[in-house]
Amino acid sequence: MSGRELFCQPRRVRRGAALTLVFAGLLVTGAATGAFPDPGQTDRKTPTGAARAADGHEEVAKAAADAMADGKSPMEAAERAVSRSGDRWAAVYSEGEYKEFEEALDGQYTGVGLWARLERDGRIEVTRVQSGSPAAEAGVRKGDRLRSVDGEGVDGRPVTDVVSLLRGDASDARAGTTVTLGLQRGTHAWSETVRRALLSTDSVTVHKLPAGITVIKISAFTRGSGERVRDAVRQAPADGGIILDLRGNSGGLVSEAVTAASAFLDGGLVATYDVDGAQRALHADAGGDTARPLVALVDGGTMSAAEMLTGALQDRGRAVVLGSRTFGKGSIQMPTRLPDGSVAELTVGHYRTPSGHTVDGRGITPDLEVGTRALERAETVLSGLGDPS
């Protein structure tokens, strides 16, 4: 098991169903400007359904306001109201958590810049150190053993717990706060105190395989990721296929997923959706590469905006989808700012793929079920898809 100290799901999301990293960035913009831009998804909600969504937001906001007037916690009151709503994707964030959430959508995180893995014997081993990060400047290297964080032993603990300690989740630690790392290299054990910093993530990575195959891995749809996918497609060898790796992609900004779809489609429908009963559609830009062989890799960690992209490529006949059934997160959350600065998100709509398939609670079934050695199977499939010319 491995993990890295970034893009960590907000604590209240970890505690409940899953990351609402879907359309939040776009929806936050809509809430701030008074205009509701295109975020993304459909379940043909009726006006009655829209009224229920509006009522839900009003109920949560009223509960928070009443609590504040009584000298109680608005956030706790909102959490109770959300729990009564039966909305599986609803969540309440503190002001600090929501800021962290928005930073993640910007492709940023607060931490020290290291990746770690839990070894079989319970050791936590550093597997990568981000260049220019506080950990790198302190001399931490790949292969070092992480023994403790702020004096708390980490041997045998899940990597997610270690990540939480490094980020200072329990205290809403921000950039500039310090954390002490207990380290070991061979027989030498020592401690380093470093300051957390706001660091950037690489949500899109590209590497080449033999036979001119380009693998584009998208870990999340952060701002700018769609254009980076387009650039990777433009720079890929003209006579080679592409593997689009969406495994473990927890979602992100729908606008970025649509831009990524535009890299492979020549216009046309990406998804239909509703927001409080209003039916809308998302379309790809014209001019994408429609000839080059394409395989999309997915798994149970492929969620929301990543499922939307997968569904568009599959329904439009643009990609062969390999892997296992996706997570099944096809709903839209709209944020409501509460009196104490915290934020409540409730579901207001759902999306459908171009063929009209609902994703929420169902996921997307791949064209070819693949467990282990998925990348090798993808190479084999690409070789059978023929010359793109």
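**Figure 1. Charged side chains over tryptophan rings.** The charged end of Arg128 lies over the ring of Trp115, at 4.0 Å from the ring centre. A second case involves Lys329, whose charged end sits over the ring of Trp89, 4.8 Å from its centre. The model shown here and in the other views is predicted.

**Figure 2. Aromatic residues in a cluster.** Tyr93, Tyr98 and Phe101 together form one aromatic cluster. In the whole structure, a search finds four aromatic pairs. A pair of aromatic rings is described by two values, the distance of the centres and the angle of the planes.

**Figure 3. Strand E19 and its partner strands.** Strand E19 covers residues 343–352, and nine of its 10 residues are buried, so the strand is largely enclosed by the rest of the structure. Strand E18 (residues 331–337) pairs with E19 in the antiparallel sense over seven bridges. Within this pairing, Arg337 stands opposite Val343 of E19. Strand E2 (residues 91–93) is also antiparallel to E19, with three bridges between them; here Ala91 has Glu345 in E19 as its bridge partner. Strand E14 (residues 269–275) pairs with E19 over two bridges, again in the antiparallel sense, and Thr272 stands opposite Arg352 in E19.

**Figure 4. The hairpin of E18 and E19.** Strands E18 and E19 form a hairpin, with five residues between them. One residue of the turn, Gly341, has a positive phi of about 95 degrees.

**Figure 5. The largest nonpolar core.** This core has 41 residues, and those that touch the most other members are Ile216, Phe221, Val229, Leu244, Phe264 and Met308. The elements that give two or more residues to the core include strand E12 (213–218), helix H8 (225–235), strand E13 (242–245) and helix H9 (254–262). Helix H10 gives the largest share, six residues. Leaving aside residues up to four places away in sequence, Val229 touches Val204, Ile216, Ile218, Ala260, Ala263 and Phe264. A second core of 18 residues is separate, and Val126, Val140, Val149 and Leu166 are among its members.

**Figure 6. Two loop residues with positive phi.** Asp150 is not a glycine, yet has a positive phi of about 50 degrees. Asp150 lies in the loop between strand E6 (145–149) and strand E7 (152–153). With a relative accessible area of 48%, Asp150 is partly exposed, because exposed residues have over 50% and buried ones under 20%. Ser304, also not a glycine, has a positive phi of about 45 degrees and is found in the loop between E16 and H10. Ser304 has a relative accessible area of 0% and is therefore buried.

**Figure 7. A six-stranded open sheet and helix H11.** The strands of this open sheet follow the order E11-E12-E13-E16-E17-E20, and their pairing is mixed. Strand E11 (204–209) and strand E20 (368–369) stand at the edges; each has a single partner strand, so one side of each is left without a neighbour in the sheet. Strand E17 (residues 320–323) and E20 run parallel and are joined by two bridges. Leu322 stands opposite Leu368 in E20. Helix H11 (residues 374–383) packs on the sheet and touches E11, E12, E13, E16, E17 and E20. The direction of H11 makes about 160 degrees with that of E16.

Technical notes
Residues numbered from 1 in each chain as written. Predicted model: local features only at pLDDT ≥ 70, side-chain atom pairs only at ≥ 80, totals over all residues. Heavy atoms only, no water. Phe/Tyr/Trp six-rings, centres within 6.5 Å; stacked < 30°, edge-to-face > 60°. Lys NZ or Arg CZ within 6 Å of the ring centre and 35° of its normal. Buried < 20%, exposed > 50% of the residue type's maximum accessible area, 1.4 Å probe, protein only. Helix = DSSP H or I, 4+ residues; strand = E, 2+ residues; numbered from the N terminus. Pairing = 2+ DSSP bridges. Core = buried A, V, L, I, M, F, W, Y, C linked by side-chain atoms within 4.5 Å. Contact = heavy atoms within 4.5 Å. Axes fitted to C-alpha atoms, helices over the stretch in contact; angles between N-to-C directions.
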